[in-house]
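User: I am new to this structure. Please walk me through it with short answers.

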Amino acid sequence: METKSIAERNIFKKVKRLEIRTRHLVDTLFNGDYMSLFKGRGLEFVSLKEYEDGDNIGDIDWSVTARLDEPYIKTYREERELPVMLIIDGSPSMQCGIDSKRKWDAVLEVSATLIFSAVRSNSRIGLLIFTDKIELFIPPAKGNGHAFRILKGLLEYRRPSHSHPPLIPPLVRGETEGLKGGCGGIIPLQYLHRAIKKRSIVFFISDFIFPLNKRDWFGSAKRYDLIAVRVLDQDELQFPDIGLADIIDAETGEYLSFDSSDKGFIEEYAMAASDRERETHDFFNRLKIDDVLIRTDRPLIAPFLRLFYKRARQGIRV
């Protein structure tokens, strides 16, 4: 019992450190119109009623209509508060980094900011961590105790990783097929469809080093207010010159040796990184899914503020 108590106290200290570190970010989000950060426009089913002239045909419940041999429609009421879900990629590439802050550190900071913002606005928030399977799911709920449970889950998550030598994403050879168990984001999205039936705000946080399936993402974007949060380490854009290097491919665990000073390698690496970033952004843009790019070497909250400001100008509540 004493050991568990010590472990709990250590987690609580880590949560408090996260809260202190992100307090100014939460305060920034709640300046001006950002008080409505988690307020959205949703519709909640209320009841059935007989169809009348002028009612929306699209609201007809065909199964009930067939049983009763009379047309019935579903009625709804506007739901101003939408649940918030954090879907977080917990695979090895999220541990990448050589000189800079690890991507997982950035994920923790961004997640804590969103969690504490949800608490302040009295919104429900939940968590889903995935690799090539669902690692952790916590359904949305309100309150400080629930926020602590989510942060505890993030801080205690035992993500797959390698200690030495350093990890890099699989960009050197331009490989993407089959990574993360061929997940492509499909596994967490399909799980979300079964677990969360109501319209929700979904922050999907990942480096997106996997093939993206248009059909699944399009279907999810129609059901949820989906925001793709792309996490990027500065070393993924420009590999640091560290001479002869022994590294591990973050997804396959394969050891690689090469000369990071080689001009050909530097150019190939930078081109592969640039191409991947452009293709990922274009994918979400074509589906009209908002995407936010956060980098470990830059302020983390600024991209969110730009997104919320853009949505506010368009009349969209986040």
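Analyst: One term comes up at once: pLDDT is the predictor's confidence in each residue, from 0 to 100. It applies here as this is a predicted model. Over residues 32-37 the pLDDT stays under 50. For that stretch the model has 14 contacts beyond four places in sequence. Another stretch with pLDDT below 50 covers residues 161-167, with 23 contacts in the model beyond near neighbours in sequence.

User: Which element of the protein chain has the highest mean pLDDT?

Analyst: For the chain, the mean pLDDT is 76, and 69% of residues reach 70 or more. Among the elements, strand β6 (residues 167-168) has the lowest mean, 49. The highest, 95, belongs to strand β4 (residues 125-130).

User: Which helix gives the most to the largest nonpolar core?

Analyst: The largest nonpolar core has 42 residues. Ile88, Phe203 and Phe304 have the most contacts inside it. Ile88 touches Trp104, Val107 and Leu127, among others. With 10 residues, the top contributor to this core is helix α3 (residues 103-120).

User: How many residues are in the second, separate core?

Analyst: Its members include Leu128, Tyr224, Ala228 and Leu287. The size of this second core is 19 residues.

User: How many charged residues are in the lining of the largest cavity?

Analyst: The whole structure holds 3 cavities of 30 Å³ or more, and the largest has a volume of about 40 Å³. β8 (225-232) and α8 (263-286) each supply at least two residues of its lining. Asp207, Arg230, Arg276 and Glu277 are among the lining residues. By class, the lining has 4 nonpolar, 1 polar and, as asked, 4 charged residues.

Technical notes:
Residues are numbered from 1 along each chain as its sequence is written. This is a predicted model: local features need pLDDT of at least 70, side-chain atom pairs count only at pLDDT 80 or more; totals for chains, interfaces and linings use all residues. Side-chain values use heavy atoms; hydrogens and water are left out. Helices (H or I, at least four residues) and strands (E, at least two) are DSSP runs, numbered from the N terminus. Contact means heavy atoms within 4.5 Å. On a 1 Å grid over the protein atoms alone, a cavity is a set of points where a 1.4 Å probe fits but cannot get out, and a pocket is an open set with protein on both sides within 12 Å along at least five of seven lines; lining residues have an atom within 4 Å of a point. Grid points are joined across faces, edges and corners, and a volume is the space filled by probe spheres set on the points. Ala, Val, Leu, Ile, Met, Phe, Trp, Tyr, Cys and Pro count as nonpolar, Asp, Glu, Lys and Arg as charged, and the others, Gly among them, as polar. A nonpolar core is a set of buried Ala, Val, Leu, Ile, Met, Phe, Trp, Tyr and Cys residues joined through side-chain atoms within 4.5 Å. Buried means under 20% relative accessible area, exposed over 50%, partly exposed in between (1.4 Å probe, protein chains only).
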